[in-house]
Amino acid sequence: PPAVILDQGSGHPKRLGPWFQDLVPGLVDAGIAALVLDSYTNRGISSSAADQTKLSKATRVVDAFQALKKLASLSMIDENKIGISGYSFGGTVAMVAADMRLVEAGLAGGKKFAAHLPVYPSCQSQFRRLKLTGAPMLFLVGGLDDYTPAKYCLSYVERMVAEGYDAIIKVYPEAYHAW
């Protein structure tokens with residue numbers, strides 16, 4: 001079956017237990033394997049919300065690609081149908097993981113994600129020169145989000161589309177961060 005890697009925000013994935021307890025069975029019922037990425041437990045970190053230096057974006061991106069590599073090695077998973085979704089900081093990871101230079105760096109043995117679903121990511125930091133894998137990307141953002149404002153993702157998706165990439169953004173006008 002296909003699979004999706006789910007990446008949390010700046011808090012330990014245990015904080016999202018109720019969300020994952022709803023989401024993961026729904027994915028499995030739809031025939032999609034799910035892996036909840038945990039960049040925290042083995043590093044002895046409970047949260048990085050108050051101090052983002054505890055867990056860097058680079059570390060989290062490497063974790064995502066290592067998870068992709070592991071899932072792709074499993075015979076029961078279709079290695080060409082592994083996507084990534086993330087929320088807040090995890091959404092930023094899902095967005096950044098579409099960069100072809102990271103695939104070319106061999107972080108997952110040359111594997112790339114089949115689809116990207118960043119949910120209320122921070123789009124304030126963008127690559128000056130886009131070189132994306134071409135996998136489809138769907139951004140879900142809140143119109144009232146003052147933590148990761150939608151306007152940056154709107155302009156980023158506009159750039160992607162102008163350069164021929166398959167990117168779509170859906171703005172929920174009344175939604176705040178972490179709706």
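W19 is partly exposed, because its relative accessibility is 39%; here buried means under 20% relative accessible area, exposed over 50%, and partly exposed in between, with a 1.4 Å probe and protein chains only. This is a predicted model, where local features need pLDDT of at least 70, side-chain atom pairs count only at pLDDT 80 or more, and totals for chains, interfaces and linings use all residues. Residues are numbered from 1 along each chain as its sequence is written, and side-chain values use heavy atoms, with hydrogens and water left out.

**Aromatic pairs**

A search of the whole structure turns up four aromatic pairs. Rings of Phe, Tyr and Trp (its six-membered ring) pair if their centres lie within 6.5 Å; planes under 30 degrees apart are stacked, over 60 edge-to-face, and the rest tilted. Two of the four go in the table.

| Pair | Centre to centre | Angle of planes | Type |
|---|---|---|---|
| W19 and Y87 | 5.9 Å | 85° | edge-to-face |
| Y172 and W179 | 5.2 Å | 50° | tilted |

The W19 and Y87 pair ties together distant parts of the chain, 68 residues apart: W19 is in helix 1 (residues 17-29) and Y87 in strand 3. Helices (H or I, at least four residues) and strands (E, at least two) are DSSP runs, numbered from the N terminus. Y87 counts as buried, at 10% relative accessibility.

Over in the other pair, Y172 is partly exposed at 31%, and W179 is partly exposed at 46%. Y172 and W179 also join Y120 in one aromatic cluster.

**Charges over rings**

K170 lies over the face of Y172, 4.7 Å from the ring centre. The charged end of R101 sits over the ring of F127, at 5.0 Å from its centre. For that label, NZ of Lys or CZ of Arg has to be within 6 Å of the ring centre and within 35 degrees of the ring normal.

**The cores**

A nonpolar core is a set of buried Ala, Val, Leu, Ile, Met, Phe, Trp, Tyr and Cys residues joined through side-chain atoms within 4.5 Å. The largest one has 35 residues, and I5, F65, I82, F113, F139 and M160 have the most contacts inside it. Elements giving it two or more residues include strand 1 (3-7), helix 2 (57-73) and helix 5 (150-162). Helix 2 supplies the largest share, seven residues. Another core, of nine residues, lies apart from it and has V4, L27, Y87 and Y120 among its members.

Back in the largest core, what does I5 touch? Beyond its neighbours within four places in sequence, its contacts (heavy atoms within 4.5 Å) include L35, L37, A64, L68, I82 and F113.
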